[in-house]
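Here are some worked exercises on reading strands, sheets and cysteines from a model. Try each task on the structure before you look at its solution.

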Amino acid sequence: MKQGGASVLTRRRTRREWEQEVLNPALRKSPERMKEFTTLSGVPVERLATAENLESWIPDEKLGLPGEYPFTRGPHPTMYRGRLWTMRQFSGFGTARDTNRRYRYLLDHGQTGLSVAFDMPTLMGLDSDDPRSAGEVGREGVAIDTLADMETLFHEIPLGEVSTSMTINAPAAVLLAMYLAVARRQGVPWPQVRGTIQNDILKEYIAQKEWIFPPRPSLRIIVDMIAFCTRKVPLWNSVSISGYHIREAGSTAAQELAFTLADGIGYVQACVEAGQDVDDFAPRLSFFFNAHSDFFEEIAKFRAARRIWAKVMRDRFRAKDPRSWMLRTHAQTAGCSLTAQQPHNNIVRVALQALSAVLGGTQSLHTNSMDETLGLPTEQAVTIALRTQQILAEESGVASTIDPLGGSYFVESLTDTLEREALSLIAAVDRMGGIVPAIEQGFPQREIAEASFRYQQQLEREEKVMVGVNRYREGGGARIDVLKIPASVEPTQIRHLKQVRKRRDPLAHRRAVEELVRCANEGENLMPAMVRAVEAYASVGEICSALKAPFGEYREEKTYF
Amino acid sequence: MSVNSATGTRLRLLVGKVGLDGHDRGAKIIARALRDAGFEVIYTGLHQTPEMVVATALQEDVDAVSLSILSGAHNTLFPRVIELLKKAGVAVPVFGGGIIPEEDIPRLRKAGVKAVFTPGTSTQDVINWVKSHIRPRNEGSASRAAKLRRPPSAARRGTPGRRKATRR
């Protein structure tokens, strides 16, 4: 274009000329809708991204190729052309028997993976008959007290054939031990057992707030579990480092990215300090991100996450195995974006969020049901959510090529921006001495509360829009069906627990719990004793309460600002 | 408006997070918005039992108790708090919000919950409701006056005067 006379004929305006000659007159005639455009998280969005945004951008460094460092374009060389993402819907309710029936139905209909939702008492390490459990048993997930419940939960489900994801954190070691005990009873050797346990306690202090012990002993339990899985259960993903809850608590996209990766750095650091070889365990770490409503910001977030993690693992921890550099992730659409008003609109929100996770290159996905702001989902709502994924996978064509937005001026510059913002927050955490001291000082908690309050104010000033909530409101509101948990669940579960306590061998039970506490006190790996304790039918509540003696209890400062 | 014009006392509100779930996003936003609107706010922190909430309400001599519940246990926890307050012989109004299905609301209102705010409610709506429905209790009582003179000791108590710049 710059050579000879042809350029005079075909010469296009430069960006500056376009702004002066075309844009400014247009703006004078009719101004833009808003003074400033920002992403959902408040990142400024410029009018137009052009090649100038990527001037110093070197594709080989920033992108690479799929399955190769820095994995911006995806962790696998064929991505969805080889294998679609796993469609993994999370479920659990009532008693173990109720949930077992649902799981067998799902497996009969072709699902190959299970994803267990536990009720609040189980998540907090409390038994169903604890006074604090009143009203909560079996309500938000399945109630598990002892190995007897776990045996019922997986009754006639061959643990050598399915992979199971368990969303549990503070008492994760107890539930993993129960799962392994069930596998042993089914005659399935542990090296064949496949699955994931969330087991990410750091994000509990930051966001989800279901804790038992203080951060340091909790981290020690996780280090024990990682070491144990590396040796005994090599196909098990020992931690799913989760940004989902950080985002649900109101963080920005960059904060989600930064605090999640900082948690990951915390786990790797703790294992390395305990003498583990980084390449022994790092390939089995996995991640879990939110797929929120700002379409491009979310895509950029997933891409930036892979690039940051690859660099951290290679350069900071000197991992040599490329599998240690690779960030593999699960994604779930944003529960907090769903509205109780005009709930059918949620189907559309979920579809867009799911598309962003797919274009971001996720390895598995849970799509929320439209009724989840109202209660646990009905079967019909869950089916629509699953069909949404199938339409994306098999009708839309988005799974036919790898990272279709790679090279987009806008998406690449947004990926760079999120990477930069996250790195600066990670550096702030590093300056505090790492994520544990940062949590102890309340740093991530404060940053998130601040962002969440800011967003609420933006909603109330209508600077951000939620359709049906602060704009396009309708009176009355559509009624939709929600799943009801019968009141009989709680007494039934408590009766089961009392029967188990009566039937078990009291001496074996006492000895097993004492042995576990001894291991905790003397710094031995907890897992072998944990398996023996659950096999003696010690309950989740009994184990967690016994471990409070050596480990202490976490108390959060009661602050809201 | 948040200060009673006759006595000059500021309304004291308890924001309680009962139940086992850790969803404190809403409770924190409400606590902060109420404080910014000029009320004195006592936030209980997470994982409170009804007994703990009522003990705090009595100790802090509050004018109203608000509860945030997102665990599905609202039908158990709201009535329990009201019952315990009654047992203690104090008439403190209870209101709250969270993920609460429409059809449960009449039952909660019947149990004595003064207002139930569901998702999508703006903080301004809550503030307006408090201003028009909550009145100071025990006005002029000696114990209350003494309590009001006591300087805020805990970090959880926020007053507008102590507020730092919050927006960045």
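## Exercise 1: a strand and its neighbours

In β9(A), the bridge partner of A:His330 is A:Ser364. Starting from this pair, work out which strands flank β8(A) and how they run.

*Solution.* A word on conventions before the steps: the model is predicted, local features need pLDDT of at least 70, side-chain atom pairs count only at pLDDT 80 or more, and totals for chains, interfaces and linings use all residues. Residues are numbered from 1 along each chain as its sequence is written, chains are lettered from A and ligands numbered from 1 in the order in which they are written, and side-chain values use heavy atoms, with hydrogens and water left out.

Step 1. Helices (H or I, at least four residues) and strands (E, at least two) are DSSP runs, numbered from the N terminus. Two strands pair if DSSP finds at least two bridges between them.

Step 2. On one flank, β8(A) and strand β9 (residues 364-366) of chain A run parallel and are joined by three bridges.

Step 3. Strand β7 (residues 285-291) of chain A also pairs with β8(A), in the parallel sense and over five bridges. Here A:His330 has A:Phe288 opposite it.

Step 4. Now follow the connection: β8(A), helix α15 (residues 345-359) of chain A and β9(A) form a β-α-β unit that is right-handed (with the strands pointing away from the viewer, the path from the first strand over the helix to the second runs clockwise).

## Exercise 2: the surroundings of β8(A)

Decide why strand β8 (residues 329-333) of chain A can be called largely enclosed.

*Solution.* Step 1. Use the relative accessible area: buried means under 20%, exposed over 50%, and partly exposed in between (1.4 Å probe, protein chains only).

Step 2. Sort the side chains by direction. A:Thr329, A:Ala331 and A:Thr333 point one way, A:His330 and A:Gln332 the other way, and all are buried.

Step 3. Five of the five residues of β8(A) are buried, so the strand is largely enclosed by the rest of the structure.

## Exercise 3: an open sheet

Give the strand order of the open four-stranded sheet in chain A, and explain what sets its edges apart.

*Solution.* Step 1. The order is β2-β3-β4-β5 (chain A), with parallel pairing. At the edges stand β2 (113-117) and β5 (236-237) of chain A, each with a single partner strand, so one side of each has no neighbour in the sheet.

Step 2. Check the pairs in turn. β2(A) and β3(A) run parallel, joined by five bridges, and A:Gly113 stands opposite A:Ser163.

Step 3. Four bridges link strand β3 (residues 163-167) of chain A with strand β4 (residues 194-197) of chain A, again parallel. A:Ser163 faces A:Arg194 in this pair, and A:Thr164 has A:Gly195 as its bridge partner. From β3(A) the chain crosses through helix α7 (residues 172-185) of chain A to β4(A), a right-handed β-α-β crossover.

Step 4. β4(A) and β5(A) run parallel over two bridges, where A:Gly195 is partnered by A:Trp236.

Step 5. Finally, look at cover. Five of the five residues of β3(A) are buried: A:Ser163, A:Ser165 and A:Thr167 point one way, and A:Thr164 and A:Met166 the other way.

## Exercise 4: cysteines

How many disulfides does the whole structure hold?

*Solution.* Step 1. A disulfide is a covalent bond between the sulfur atoms of two cysteines. The search takes a pair of cysteine sulfur atoms within 2.5 Å.

Step 2. Over all chains, zero disulfides are found.

Step 3. Take A:Cys519 as an example: its closest cysteine sulfur, in A:Cys544, is 16 Å away, too far for a bond. A:Cys519 is buried, at 2% relative accessible area, whereas A:Cys336 is partly exposed, at 27%.

## Exercise 5: chain B

Describe the make-up of chain B, then place B:Leu85 in it.

*Solution.* Step 1. Chain B has six helices and six strands, in the sequence pattern β-α-β-α-β-α-β-α-β-α-α-β.

Step 2. Of its 168 residues, 54% count as buried.

Step 3. B:Leu85 lies in helix α3 (residues 74-87) of chain B and counts as buried, with 2% relative accessibility.
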